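Dear colleague,

I am passing on to you the structure we spoke about, and below it you will find my notes on what turned up. Please read them with the coordinates open beside you.

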Amino acid sequence: MPSYTATKDTGLGKGVGEALFPEYWDSVLGENLYPNLYFYQFGTKRTIPRNFGNTIKIPKLIPAPTQVTTAITEGSAPVASHISANFASGTMQLFGGVYEHSDLIVFTALSDVIELSLRDLARSMAKQMDTYTRDQLSANGTVISAGATTGYGSTVLAMSDIIRSVVQLDSWDNPRPADNHYPTLTHPNTIYDLQNASAAGSWLDVHKYGASEQENLYTGEVGRLYGARFVTSSNVAKGVVSAALLSGQFNKAGASASAFSDTGVVTHMFAPDAYYCTEISDLTARTYIKQLGSAGSADPINQRASVGAKAYFGVVIGEWADETAKRYARILHK
């Protein structure tokens, strides 16, 4: 059974004499991190190269004020158009944690304390990273209220709200994903409402998908309905909305932040490139296993060992102020 003595980590990701073990622990981290990253899977991934700072920059062309393509007369040169670009940017964030174990635990534990610690750290980090992504998205995006009301919709999410959101994203000239369904993230209770309210044959459970569709499921996917593929997570925004999130479209029409006290749930529906996420790789997510006594004089009689993990992660919103098209919708409902 793997133990603290199986590897001596140098802090560089390769153990001395036991190079395979740090790679194994990194894989344990990844195996328990990815399945719990619900928002991450919908973001367009961007690799952050070494020595380029901690800022993510996404280049994008600024839309021309007039149409740049025209019908061309044979033999005549077309009129050249000017083009310009800009950058959207975001700052890398650091997530992580450490478990410290005494020598007594290391020597007497009935199970592998390293693997148990890494599994728990990975799940905790995934929730931190997903919450961070959720909060960035909750300050942007176009609000659609269930039942066509203002603020939080007065009703639970209905099929008509899904159709309205899909049509709204289509009307902004967003390209649909290859499967023709916009990924939609919502709370498990909302899935219950949709499944119970759906007309006969409208809701399609995930286990009824075709063979090729079964091979490309999202993490947490449960079914689809009217142009939307639903993923369920309890970590969507819910409850009383805090004042920090009451900027812009989150506020009720004509109401101040202090007057807003509605409760409810936010369902997110995404078009392609709605937001960008740092790709999680061996450069951005690592494990750190420290042996008994590795602290030197700070641990003079080898009483403390530790298991740690960290990940660098960043999010950039794909909606820019200089474009009319919107990339995602936040549906507010009970």
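**Cores, helix H5, salt bridges and a surface patch**

In this model, which is predicted, the largest nonpolar core has 37 residues, and those with the most contacts inside it are Leu-33, Leu-118, Met-129, Phe-270, Tyr-275 and Phe-313. The elements that give two or more residues to this core are helix H1 (20–33) and H3, together with strands S11 (263–270), S12 (275–278), S13 (285–290), S14 (304–313) and S15 (315–317). Of these contributors, H3 gives the most, with nine residues. As general background, nonpolar side chains in soluble globular proteins tend to be buried together.

Phe-270 deserves a look of its own: leaving aside residues up to four places away in sequence, Phe-270 touches Phe-39, Phe-42, Leu-137, Leu-169, Tyr-182, Pro-183, Tyr-275, Arg-327 and Tyr-328. There is also a second, separate core, made of 16 residues, which includes Tyr-182, Ala-228, Met-269 and Ile-331.

Helix H5, which spans residues 188–197, has Thr-190, Ile-191 and Leu-194 as its buried residues. When one looks down the axis of H5, these buried residues fall within an arc of 105 degrees, so they line one face of the helix. The face of H5 that is turned away from this buried side carries the exposed residues Asn-189, Tyr-192 and Asn-196.

Turning to charged pairs, the structure holds eight salt bridges, and I describe some of them here. Within helix H3 (residues 113–138), Arg-119 and Glu-115 lie four residues apart, which is about one turn of the helix, and their side chains meet in a salt bridge with an N to O distance of 2.6 Å. The two partners differ in their cover, since Arg-119 counts as partly exposed at 28% relative accessibility, whereas Glu-115 is buried, with a relative accessible area of 16%; the cut-off for buried is under 20%.

A further salt bridge joins the side chains of Arg-134 and Asp-135, at 3.2 Å from N to O. Here Arg-134 is the buried partner, with a relative accessible area of 14%, while Asp-135 counts as partly exposed at 29% relative accessibility.

Which parts of the chain does the pair of Asp-179 and Arg-229 tie together? The side chains of these two residues meet in a salt bridge of 2.1 Å, N to O. Asp-179 lies in the loop between H4 and strand S6 (182–186), and Arg-229 lies in strand S9 (residues 228–232), so the pair ties together parts that are 50 residues apart in sequence. Asp-179 is partly exposed, with a relative accessible area of 29%, but Arg-229 counts as buried at 9% relative accessibility. Both residues also belong, with Glu-221, to a network of linked salt bridges.

Finally, on the surface, Ile-163, Val-167 and Tyr-226 make a nonpolar patch of about 260 Å². Val-167, whose place is in helix H4 (residues 159–171), is partly exposed, with a relative accessible area of 48%.

With best regards

Definitions and conventions. Residues numbered from 1 in each chain as written. Predicted model: local features only at pLDDT ≥ 70, side-chain atom pairs only at ≥ 80, totals over all residues. Heavy atoms only, no water. Patch = residues over 30% accessible without salt bridge, like charges linked within 9 Å, V, L, I, M, F, W, Y side chains within 5 Å. Areas by Shrake-Rupley, 256 points an atom, 1.4 Å probe, with all protein chains shown as cover. Salt bridge = Lys/Arg side-chain N within 4 Å of Asp/Glu carboxyl O. Buried < 20%, exposed > 50% of the residue type's maximum accessible area, 1.4 Å probe, protein only. Core = buried A, V, L, I, M, F, W, Y, C linked by side-chain atoms within 4.5 Å. Contact = heavy atoms within 4.5 Å. Arc of directions from axis to C-beta.
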